[in-house]
Every structure is written in structure tokens, then in C-alpha cells.
Amino acid sequence: MELDDRKIKILKAIIKTYLETGEPVGSRTISKYTDLKLSSATIRNEMSDLEEMGYIIQPHTSAGRIPSDKGYRFYVDQIMQDKENEVTEIKELMIQRVDRVELVLKGLAQMLAANTNYAAMISGPQVHHSKLKFIQLSEVEPLKLLVVIVLEGNLIKNRFITVQEALSREELLNLNILLNSNLNGLTIEEINLGVISQMKDQAGNHRDVIDLVLNEVAETIRATEDLEVYTSGATNIFKYPELSDGEKASGLINTLERKDVLQEWISDNVDNSENTGIQVYIGDETKMQAMRDCSVVTANYELGEGLRGTIGIIGPKRMDYERVLSTLRQLMKQLDVTFKKEER
């Protein structure tokens with residue numbers, strides 16, 4: 001006898017109802033599930049088959065059914081498989097999205113440089129005050145677990161941890177429930193000693209696993225602070241005599257090629273700005289020696305769910321500010337439209 005889709009739906013309905021009520025479940029109760037659309041007689045026949053297959057048992061004559069150990073096992077395995085499928089789907093979606101964002105941002109940097117005749121830079125989207133959305137522990141081999149960490153913005157990170165003793169599927173399931181019920185929606189700052197202590201108490205003998213997972217979560221969130229910066233049009237500076245002097249040009253081009261310098265400047269000057277609109281930095285206001293003869297115009301863009309990046313145009317102090325500001329405003333609108341359409 002085969003456990004087909006209809007039997008699976010009825011079995012899940014029996015288990016869910018029994019978990020909620022603690023009482024044996026009859027066919028009349030199951031017939032009220034609107035998605036089944038089955039008569040009580042049909043449900044009784046299916047329940048008889050499930051009992052014969054060992055998934056449910058009848059504790060007393062004329063009573064309803066309750067799940068057997070085999071039924072519970074099937075239910076738990078289904079939950080774990082559903083969660084694994086959910087993580088896989090999110091992962092595939094985000095791989096496509098990350099590739100899409102990277103291509104768009106590289107193209108925008110090139111377009112800005114070509115349209116303005118200045119140098120352009122765009123930082124990749126960064127999570128600010130990252131919140132945890134989901135954690136999944138899965139065994140990849142004895143004593144080795146895969147930790148899938150999903151952050152706000154659907155950024156997915158995979159980490160591996162080594163445990164001291166093998167964990168059963170039930171123990172993994174319980175740890176997954178414990179982690180997600182305590183950590184979902186929290187930032188790293190909100191995962192305080194009280195939260196950690198409570199989780200360790202609930203984990204019992206597996207408190208060391210909680211320690212390992214929390215270390216990986218903290219490391220993952222810190223890693224999201226690393227910015228990717230795309231630049232284009234550095235050679236445009238040679239079009240302006242005041243910047244084309246050998247030493248000045250060399251210093252400016254070197255700065256535009258130093259992603260670490262740009263990352264630090266963006267983090268210190270732009271991300272910390274209370275004004276999230278367009279900003280203009282003239283000469284020494286940029287705090288970068290190589291750009292003391294330049295102006296830098298920046299704007300922050302947002303892709304939703306805490307993802308934010310920065311667009312910057314670098315040119316001489318006599319740049320066409322009106323044109324640059326207009327170009328940035330139009331670009332911000334287009335980014336907003338593009339990624340809102342993607343989300344739909």
C-alpha cells in the first residue's frame with residue numbers, strides 16, 4: 001500500500017489536530033479541513049489504511065486515532081525536508097538576485113562615468129543593523145553540521161561547525177526550533193547575555209552547540225560589513241588640467257583603485273551621515289588627501305529590507321553640479337523602480 005498525497009494530507013491533519021488537542025481524532029473532525037474536500041466515509045477508509053500501514057493507532061474501540069511513533073517520524077522528517085527546501089529556494093533566489101545586483105551596479109558605474117565625464121563609484125548593498133531571519137542546522141557528515149544563516153534582505157551565509165558528539169534528527173529539529181524561536185528578528189546587539197543564557201539552559205546537554213552557532217552568527221554579521229566597491233571612469237580626470245598633473249593624477253587614480261580606502265571613506269563619511277539624501281563634499285571635506293582638489297557628490301540607495309549602498313561621482317571642483325545632481329536624482333528613481341519591480 002502506498003502513502004499517496006491524500007493519505008499524507010489526512011495524516012498531517014490527524015497529527016496537527018492531536019498536537020493541538022491531545023484527544024483522539026475522528027473522521028468528522030478531519031472532514032472539516034476545507035482543503036481536503038472529502039466525505040467522512042472516504043476519510044474513514046483512508047484512516048483505516050493509515051492504521052494498517054502503522055502510521056496511526058486506535059487507543060480504544062469506537063475512539064478516534066492518534067499518531068504512532070512511525071507517524072511522528074514521518075511528520076518530523078516532512079518538517080525538516082520542508083525547511084531544507086525553503087532554504088534551498090531562498091538560496092537559489094538570492095544567488096540570482098546577487099548576480100543581478102552586481103551586474104546592474106557595474107553597469108551603472110560605467111554609465112555614470114560616460115554620461116558625466118567624471119569618475120564614478122558605487123558600493124554594493126550592505127546590511128545595516130542586520131537582523132536574523134532564519135537559521136537551519138543540518139548534518140553533512142558525522143560530527144559536522146552545516147549552519148545556514150539567513151539575514152535581513154535574504155542574504156544567505158553557509159558555515160560549518162564541528163560538534164563533540166553526533167546529534168539525532170530529533171535533537172537537530174529541537175535545536176532548530178530553539179534557535180529560531182529565540183533569535184528570529186534580533187540584531188547582533190540584541191543577542192545579549194540574557195538571551196544566550198536562556199538558550200543554553202533550554203539546550204541542556206547541547207549548550208556547546210549553541211555556543212558554536214552563536215559564534216558563527218556573530219562572524220557572519222561582521223562579514224556583511226565588508227563593502228564591495230565598483231569604480232569606472234578614472235581616466236576621465238585627465239580631461240581636466242587641474243587634475244591631470246602627474247602627481248595629482250597618480251594619487252587620485254591610486255585612491256580610486258584602492259577599494260579599502262574607498263570602503264573606509266564610505267563607512268566613515270557617508271554611512272554615518274544623518275542626511276540620507278544627496279551630499280556634496282568639496283576639497284578637504286572628503287578627508288582624503290588625494291581628493292583635495294576634487295568634489296565628490298554622493299547619494300545613498302536602498303533595495304529594501306535594510307540593504308543600502310552608496311553612489312558617488314568624483315570630478316573637479318568646477319564640476320557641473322546641476323547636471324550631476326539631476327543625474328543622481330534620476331538614477332535613484334530608476335533604481336527604486338527597477339528593484340521594486342524585481343521584488344514583485
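In the next few minutes I will walk through the fold of this chain, its cores, two helix pairs and a handful of single residues.

Please keep in mind throughout that this is a predicted model. The protein chain has 344 residues, of which buried residues make up 46%, and its secondary structure comes to eleven helices and eleven strands. If we take the contacts between residues at least 6 apart in sequence, 60% of them join residues at least 24 apart.

Let me begin with the cores. The largest nonpolar core has 39 residues, and within this core Met121, Ile122, Met291 and Ile314 touch the most other members. Two or more residues each are given to this core by helix 4 (69-116), strand 3 (119-123), strand 8 (229-232), helix 9 (246-257), helix 10 (259-270), strand 10 (294-304), strand 11 (307-316) and helix 11 (321-343). Helix 4 gives the largest share, which is six residues.

Met291 is a useful place to look from. What is Met291 in contact with, once its neighbours within four places in sequence are left aside? The list holds Leu252, Thr255, Leu256, Leu262, Gly283, Thr286, Val296 and Ile314. Apart from this core there lies another one, of 26 residues, and its members include Leu137, Leu179, Leu186 and Val213.

Staying with the same part of the chain as Ile314, I would like to turn to Gly315, which lies in strand 11. Gly315 has a relative accessible area of 3% and is therefore buried. Its C-alpha atom and that of Tyr118 are separated by 5.1 Å, although the two residues are 197 residues apart along the chain. Tyr118 is also one of the residues in contact with Gly315 when neighbours within four places in sequence are set aside, and the others are Leu243, Cys294 and Ser295.

Now to the helix pairs. In general, two packed helices are described by the angle between their axes and the distance between the axes.

The first pair I will show is helix 1 (residues 5-21) with helix 3 (residues 40-53), whose axes are 10 Å apart and pack at an angle of about 85°. Angles of 65 to 115 degrees count as roughly perpendicular, and helix 1 and helix 3 are therefore roughly perpendicular to each other. On the side of helix 1 the contact is made by Arg6, Lys7, Ile10, Leu11 and Ile14, and on the side of helix 3 by Thr42, Ile43, Glu46, Met47, Asp49, Leu50 and Met53. Sorted by class, this contact of helix 1 with helix 3 has seven nonpolar, one polar and four charged residues.

Leu11, in helix 1, deserves a moment of its own. Is Leu11 buried or exposed? Its relative accessibility is 0%, so Leu11 counts as buried. Leaving aside neighbours within four places in sequence, Leu11 is in contact with Leu50, Tyr55, Ile56 and Phe74.

The other pair is helix 5 (residues 169-183) with helix 6 (residues 193-203), where the axes come within 11 Å and cross at roughly 160°. Since angles over 145 degrees count as roughly antiparallel, helix 5 and helix 6 are therefore roughly antiparallel to each other. The crossing of these two helices, helix 5 and helix 6, is right-handed. Here Leu175, Leu178, Leu179, Asn182 and Leu183 of helix 5 meet Val195, Gln198, Met199, Gln202 and Ala203 of helix 6. The residues of this contact of helix 5 with helix 6 divide into seven nonpolar, three polar and no charged.

A charged residue elsewhere is Glu216, which lies in helix 7 (residues 207-223). With a relative accessible area of 19%, and with under 20% counting as buried, Glu216 is buried. Beyond its neighbours within four places in sequence, Glu216 is in contact with Ile149, Arg159, Phe160 and Ile161.

I will end with two loop residues. Which value of phi does Asn117 have? Phi of Asn117 is near 65°, a positive value in a residue other than glycine. Asn117 sits in the loop between helix 4 and strand 3, and with a relative accessible area of 30% Asn117 is partly exposed. Leu143 likewise has a positive phi while being other than glycine, here near 70°. Leu143 is found in the loop between strand 5 (132-141) and strand 6 (144-151), and at 33% relative accessibility Leu143 counts as partly exposed.

Notes:
Residues numbered from 1 in each chain as written. Predicted model: local features only at pLDDT ≥ 70, side-chain atom pairs only at ≥ 80, totals over all residues. Heavy atoms only, no water. Core = buried A, V, L, I, M, F, W, Y, C linked by side-chain atoms within 4.5 Å. Buried < 20%, exposed > 50% of the residue type's maximum accessible area, 1.4 Å probe, protein only. Helix = DSSP H or I, 4+ residues; strand = E, 2+ residues; numbered from the N terminus. Contact = heavy atoms within 4.5 Å. Axes fitted to C-alpha atoms, helices over the stretch in contact; angles between N-to-C directions. Parallel < 35°, antiparallel > 145°, perpendicular 65-115°, else oblique. Left-handed = near helix turned anticlockwise from the far one by under 90°.
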